[in-house]
Amino acid sequence: MSRPIHFEIHVEDMERAKKFYGEVFGWSFQDWSEYAGMPYFGAVTGDEHEPGINGALMKRQSASPETSQALNGFACTMGVEDYDATEAKILENGGKVAMPKHALPGMAWQGYYLDSEGNIFGIHQPDVNAK
């Protein structure tokens, strides 16, 4: 069985994207541009002993996504401890609401956002009392 082991987020402005993901989720970055032959920064998303995967920010190779276009790729969802505090950080750092916070009854709070580069991603706070 195959499991995701790495992700790539395509970005227009590398420094802006590193700031966004660093400020919102606390990610750190390592310059792997020499290996990739293009601007490419490895994203360390958390402690290696916790569930999750690391990924990268890479220079976008084509046009940026247009507003309201259908999703063309994977939407990554980040688990968070405090939905409302994370949403505030997203908005403070240039993100926008794509689909507002909603309950997955008896499971969690979920919502989707646009990052500083126009990419969609989700946040998910487990909560058995969500309704």
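In this predicted model, S33 is found in helix 2, which covers residues 33–36. Its relative accessible area is 19%, and because buried means under 20%, S33 is counted as buried. Leaving aside residues up to four places away in sequence, S33 touches M38, P39, Y40 and F41. A further point of reference is K59, which is 26 residues from S33 in sequence, while the two C-alpha atoms are 9.8 Å apart in space.

Two of the residues that S33 touches, Y40 and F41, lead on to the aromatic side chains. F41 has a charged partner, since the charged end of K18 sits over the ring of F41 at 3.9 Å from its centre. Elsewhere, K101 lies over the face of W109, and here the distance to the ring centre is 4.8 Å.

A search of the whole structure finds eleven aromatic pairs. One of them is formed by F20 and F121, whose rings stand edge-to-face, with 6.0 Å from centre to centre and 70° between the planes. This pair links distant parts of the chain, for F20 belongs to helix 1 and F121 to strand 8, and the two are 101 residues apart. Both F20 and F121 are buried. How are the rings of W32 and Y40 arranged, stacked or edge-to-face? Their centres are 6.3 Å apart and their planes are at 25°, so the pair is stacked, given that planes under 30 degrees apart count as stacked. Y40 is buried, with a relative accessible area of 10%, whereas W32 is partly exposed, with a relative accessible area of 28%. Ring pairs also link F7, F20, Y21, F25, W27, Y83, Y113 and F121 into a cluster.

F121 also leads to the largest pocket, where F121 is among the residues nearest the centre, together with I9, A75, C76 and I120. The lining of this pocket is made up of 50 residues, and the pocket has a volume of about 1800 Å³. The elements that give two or more residues to this lining are strand 1 (7–11), helix 1 (14–25), strand 5 (76–79) and strand 8 (120–126). Helix 1 and strand 8, which hold F20 and F121, are thus met again among the elements of the pocket lining. By class, the lining has 22 nonpolar, 18 polar and ten charged residues.

Technical notes. Residues are numbered from 1 along each chain as its sequence is written. This is a predicted model: local features need pLDDT of at least 70, side-chain atom pairs count only at pLDDT 80 or more; totals for chains, interfaces and linings use all residues. Side-chain values use heavy atoms; hydrogens and water are left out. On a 1 Å grid over the protein atoms alone, a cavity is a set of points where a 1.4 Å probe fits but cannot get out, and a pocket is an open set with protein on both sides within 12 Å along at least five of seven lines; lining residues have an atom within 4 Å of a point. Grid points are joined across faces, edges and corners, and a volume is the space filled by probe spheres set on the points. Helices (H or I, at least four residues) and strands (E, at least two) are DSSP runs, numbered from the N terminus. Ala, Val, Leu, Ile, Met, Phe, Trp, Tyr, Cys and Pro count as nonpolar, Asp, Glu, Lys and Arg as charged, and the others, Gly among them, as polar. Rings of Phe, Tyr and Trp (its six-membered ring) pair if their centres lie within 6.5 Å; planes under 30 degrees apart count as stacked, over 60 as edge-to-face and the rest as tilted. Buried means under 20% relative accessible area, exposed over 50%, partly exposed in between (1.4 Å probe, protein chains only). A charge sits over a ring if NZ of Lys or CZ of Arg is within 6 Å of the ring centre and within 35 degrees of the ring normal. Contact means heavy atoms within 4.5 Å.
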